[in-house]
Amino acid sequence: MALSSSISSSLCKLSSQNALSPDSNSNKIFNSRCGPFSSLNQLPICKMGYVCQWGRRKSSNMPLISASVMDVSLDKSMEKVQLPKGDNWSVHKFGGTCVGTSERIKNVAEIIVKDDSERKLVVVSAMSKVTDMMYDLIYKAQSRDDSYISAVDAVLEKHRLTALDLLDGDDLASFLSRLHHDINEIKEMLRAIYIAGHASELFSDIIVGHGELWSAQMLSSVVRKKGIDCKWMDTRDVLIVNPTSANQVDPDFVESEMRLEKWFFQNPSKTIVATGFIASTPQNIPTTLKRDGSDFSAAIMGALFRARQVTIWTDVDGVYSADPRKVAEAVILNQLSYQEAWEMSYFGANVLHPRTIIPVMQYGIPIVIRNIFNLSAPGTMICRASVDENEGNQRLESPVKGFATIDNVALINVEGTGMAGVPGTASAIFSAVKDVGANVIMISQASSEHSVCFAVPEKEVEAVAEALQSRFRQALDAGRLSQVAVVPNCSILATVGQRMASTPGVSASLFSALAKANINIRAIAQGCSEYNITVVVKREDCIRALKAVHSRFYLSRTTIAMGIIGPGLIGGTLLDQLRDQAAVLKEDFNIDLRVMGITGSRTMLLSDSGIDLSRWRELIKEKGEVGDMHKFVNHVHGNHFIPNTALVDCTADSNVASHYHEWLRKGIHVITPNKKANSGPLDQYLKLRALQRQSYTHYFYEATVGAGLPIISTLRGLLETGDKILRIEGIFSGTLSYIFNNFKGTRKFSEVVMEAKQAGYTEPDPRDDLSGTDVARKVIILARESGLKLELADTPVQSLVPEPLRATASADEFMQQLPQYDEDLAKQLQDAEDAGEVLRYVGVVDVVNKKGLVELRRYKNDHPFAQLSGSDNIIAFTTARYKNQPLIVRGPGAGAQVTAGGIFSDVLRLASYLGAPS
């Protein structure tokens with residue numbers, strides 16, 4: 001080629017000047033033919049058509065003339081054959097993880113074959129870990145570590161085994177021959193580095209670039225095996241870049257386009273597999289595209305081909321709204337504008353390197369991030385902002401697209417009254433920062449010009465501070481500057497969204513979310529484009545701040561369509577509580593609870609937008625229709641404008657409870673104080689819980705055991721944190737608690753029962769309470785929560801209803817005859833009091849012996865169960881952690897207000913699970 005002599009000269013010059021130390025012994029290595037390199041006439045760069053004459057500083061002009069003639073010939077032929085460009089090309093880029101094994105390379109080939117684009121260009125990285133292995137070879141060689149030889153053999157073996165699994169016949173023989181040839185060349189280059197104790201950038205780039213060459217050759221062969229015409233491209237023949245001072249490179253699109261057209265004329269194909277990461281300088285010297293080079297290669301190729309789309313294949317489903325390792329609720333973003341992706345990637349989000357976006361922006365070519373291990377995921381598209389976003393039209397999505405953080409930064413604050421109005425102060429500050437090679441991440445300056453604050457990586461802050469102290473020593477001594485202060489242990493939180501500029505209140509919402517999370521902001525920066533609002537916070541506050549702002553913009557807009565079943569005493573009280581609290585929940589917590597339907601056993605009330613709870617009783621009478629559970633459920637769940645549906649069963653009806661499984665399967669959340677489902681047949685209960693665990697639908701039933709007391713949640717908290725439940729014992733009935741708290745001295749049992757009935761503590765028929773069945777159901781629920789598989793019939797229950805009165809026709813007759821049986825309980829009471837004890841009706845879950853029971857027991861007067869008053873419940877948890885002193889939960893366990901409050905608490909817990917702020 002035309003530049004063969006210049007590359008030869010450059011190689012020898014760079015090798016002799018950079019690769020070896022200047023001592024006399026080292027210089028002897030290079031004789032007139034560059035010493036040990038005399039055998040390297042087929043270096044990798046020669047594959048590009050270079051004639052490597054290592055010993056010649058100058059060469060004849062013949063190659064130049066020959067190359068020029070060839071170029072003219074090519075140009076004339078290319079006038080007839082133009083490189084096709086445009087939407088018929090799709091570009092794919094597969095990273096090292098995607099081609100990490102032979103099986104994964106086969107999967108990549110399958111994706112290429114299934115792409116129905118007319119023309120395809122595939123950019124491929126080195127196999128997983130290979131680039132690191134190649135850099136390790138160089139490090140070992142220049143450290144004069146002899147293990148570099150065995151490390152080279154490991155690289156060889158990795159690719160040899162992969163090729164044996166993928167290729168056969170001539171393709172295999174050809175690849176293995178080339179592989180061994182390349183390895184021999186690498187060994188000789190490493191030997192020279194070993195002797196010199198130093199590796200030039202040129203040598204490093206040549207060695208490291210082999211990983212892409214090998215993976216591209218293997219993949220192209222696999223694609224050809226599938227019957228597809230496919231050529232592989234060494235992109236050093238095509239991509240020309242100019243190195244910059246910032247350890248980056250700038251593509252030369254004009255030269256690259258010319259070389260691409262020549263390459264395509266010589267290698268026409270509808271499917272091309274190209275090497276990522278590597279390129280050449282204008283002097284035809286091999287180089288790399290530095291950090292994220294393969295992505296950059298794909299973007300440049302997409303621009304050169306004017307492709308329809310560039311797809312970056314990776315191991316995640318797309319771009320997340322926040323780092324999912326820090327925010328579990330982070331969501332995949334369907335779309336980002338180029339500017340949004342640029343901003344997020346700058347601040348550390350795992351999107352793309354900002355420079356990757358530059359080549360495709362000019363032609364409006366979208367980049368799609370997809371997961372090769374989850375082909376069903378659509379991924380994230382990075383493209384031009386939509387018209388809706390540019391015009392600020394109202395849309396359902398948040399104006400904020402995503403959040404990113406940078407940890408381990410420090411703030412430097414330069415302040416003083418002498419800065420105000422003095423030209424060149426900022427220039428002097430940042431010149432000093434530049435001189436120490438530090439990177440300024442963000443800048444914030446007060447309009448008074450009294451101070452300038454900026455963030456730098458923490459590892460660079462000491463050098464920056466010293467440079468500023470030195471640069472402004474005179475101003476500091478004279479008092480014109482008051483201080484150069486360092487604030488260590490900081491993190492940067494960036495909020496990004498193109499629509500923030502057209503949406504009022506975004507900054508207010510952001511700072512409000514941080515304030516509610518008790519996060520103090522150290523510094524703020526925002527450009528006039530409003531694509532990005534950046535704040536600096538304490539490092540220890542960073543994750544909490546990230547979760548707070550993410551919840552505010554993504555998870556707090558919680559609207560739940562609710563259906564209330566059973567508007568009796570409990571259900572009616574709940575509706576009144578919802579009415580009283582709805583406005584506060586919506587305004588303060590952004591929780592929108594809309595009751596779309598209320599149904600009893602005979603009548604139901606439906607609404608398309610939400611029932612006016614201030615008039616729900618009147619509306620049922622005025623607009624109620626015949627109750628139909630199927631129609632009711634379909635109505636509440638069928639409102640597609642509200643994403644979440646919850647049915648609240650306030651009945652004690654086993655028929656209603658039998659629908660829970662069906663509702664959960666449909667994605668309807670269920671909240672209930674109804675004990676029938678969790679204490680019913682064991683097989684149905686297990687089926688219900690299995691469905692709950694497998695789905696993302698929630699089933700809450702805190703009020704089934706302790707009304708408003710946190711019994712279920714306490715038990716779950718113990719189990720989930722690894723505690724072992726030994727025994728649960730408690731007074732679970734508010735009615736029976738009231739009766740036995742007042743059954744003392746000379747009072748008669750029937751008298752206390754009548755008092756409880758008149759006070760509204762009992763059911764209309766007190767036998768429902770005195771039978772102990774309600775307590776037994778609670779015992780079964782807790783036993784099953786603890787892991788025991790018990791049936792209600794397995795639990796012995798001591799009924800307080802005298803045997804002859806169990807068949808009495810009415811509650812009134814029962815109450816009239818109950819005094820005839822006071823004597824037995826009076827004797828038990830007297831015996832207990834004589835022993836310094838009290839009577840209490842309790843339920844027990846004996847987890848150790850796997851049984852439950854309900855009975856009347858005696859307790860010492862100093863026992864916690866003896867200290868109750870009114871209708872309070874008390875439950876004692878004896879566990880491995882709380883063995884000597886049980887964990888006690890005590891409080892009101894009966895009454896419409898506390899039971900409805902327990903249900904309401906579950907509703908709010910559901911809202912929290914669905915994303916409302918806590």
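**Figure 1. What surrounds helix H13 in this predicted model.** Elements that cover the buried residues of H13 include three helices and three strands: H10, H11 (293-305) and H12 (338-346), together with E5 (249-251), E9 (309-314) and E11 (367-371). Helix H13 itself takes in residues 354-361, and six of its eight residues are buried, so the rest of the structure largely encloses it. Look for Pro 354, Arg 355, Thr 356, Ile 357, Pro 359 and Val 360, which are the buried residues of H13.

**Figure 2. Helix H10, one of the elements that cover H13.** How far apart should the ends of H10 be? With 14 residues (253-266) and 1.5 Å a residue, H10 should span 20 Å, and its end C-alpha atoms are indeed 20 Å apart, so the two values agree. At the start of this helix, Asp 252 brings a side-chain oxygen to within 3.4 Å of the backbone nitrogen of Val 254. Which residues of H10 are buried? They are Ser 256, Glu 257, Arg 259, Leu 260, Lys 262, Trp 263 and Phe 264. As a reminder, an α-helix has 3.6 residues a turn, so residues three or four places apart point the same way.

**Figure 3. An open sheet of eight strands.** Follow the strands across in the order E3-E6-E2-E1-E9-E11-E12-E10, and you will meet mixed pairing. At the edges stand E3 (231-233) and E10 (335-337); each has a single partner strand, so one side of each has no neighbour in the sheet. On average, neighbouring strands here are turned by 20° against each other, if direction is ignored. Inside the sheet, E9 and E11 pair in the parallel sense, with five bridges. A handy pair to find is Ile 312, which stands opposite Ile 369 of E11.

**Figure 4. An open sheet of seven strands, with a helix across part of it.** This sheet runs in the order E22-E21-E20-E19-E23-E24-E25, and its pairing is mixed. Which strands stand at the edges? They are E22 (625-626) and E25 (699-700), and each has a single partner strand, so one side of each is left without a neighbour in the sheet. Strands E23 (residues 644-649) and E24 (residues 669-671) run parallel and are joined by three bridges. Here Val 648 faces its opposite number, Ile 671 in E24. Helix H21 (residues 616-623) lies across E20 (591-599), E21 (603-606) and E22, and it runs at about 105° to E21.

**Figure 5. Strand E16 and its pairing with E13 and E18.** Strand E16 covers residues 483-496 and pairs with E13 (residues 402-415) in the antiparallel sense over 11 bridges. Within that pairing, Ile 406 stands opposite Ile 492 in E16. E16 also pairs with E18 (residues 532-538), again in the antiparallel sense, over seven bridges. One place to check this is Cys 490, whose bridge partner in E18 is Lys 538.

**Figure 6. Glu 791 and its contacts.** Find Glu 791 in the loop between helix H32 (773-785) and helix H33 (811-817). Is this residue buried, partly exposed or exposed? Glu 791 counts as partly exposed because its relative accessibility is 29%. Leaving aside neighbours within four places in sequence, Glu 791 is in contact with Gly 680, Pro 681, Leu 682, Ile 780 and Arg 784. A polar atom of the Glu 791 side chain lies 3.2 Å from the backbone nitrogen of Leu 682. Asp 683 is 108 residues away along the chain, yet its C-alpha atom and that of Glu 791 are separated by 9.6 Å.

**Figure 7. Two loop residues with a positive phi.** Most residues other than glycine have a negative phi. Arg 144, although not a glycine, has a positive phi of about 60°. Its place is the loop between H5 (130-142) and H6 (148-166), and Arg 144 is partly exposed, with a relative accessible area of 46%. Ala 707 also has a positive phi, near 55°. You will find Ala 707 in the loop between H27 (703-706) and H28 (711-720); with a relative accessible area of 5%, Ala 707 is buried.

Methods:
Residues numbered from 1 in each chain as written. Predicted model: local features only at pLDDT ≥ 70, side-chain atom pairs only at ≥ 80, totals over all residues. Heavy atoms only, no water. Helix = DSSP H or I, 4+ residues; strand = E, 2+ residues; numbered from the N terminus. Expected span 1.5 Å × (residues − 1). Buried < 20%, exposed > 50% of the residue type's maximum accessible area, 1.4 Å probe, protein only. Polar contact = N/O pair within 3.5 Å; in protein donor to acceptor, adjacent residues only side chain to side chain. Contact = heavy atoms within 4.5 Å. Pairing = 2+ DSSP bridges. Axes fitted to C-alpha atoms, helices over the stretch in contact; angles between N-to-C directions.
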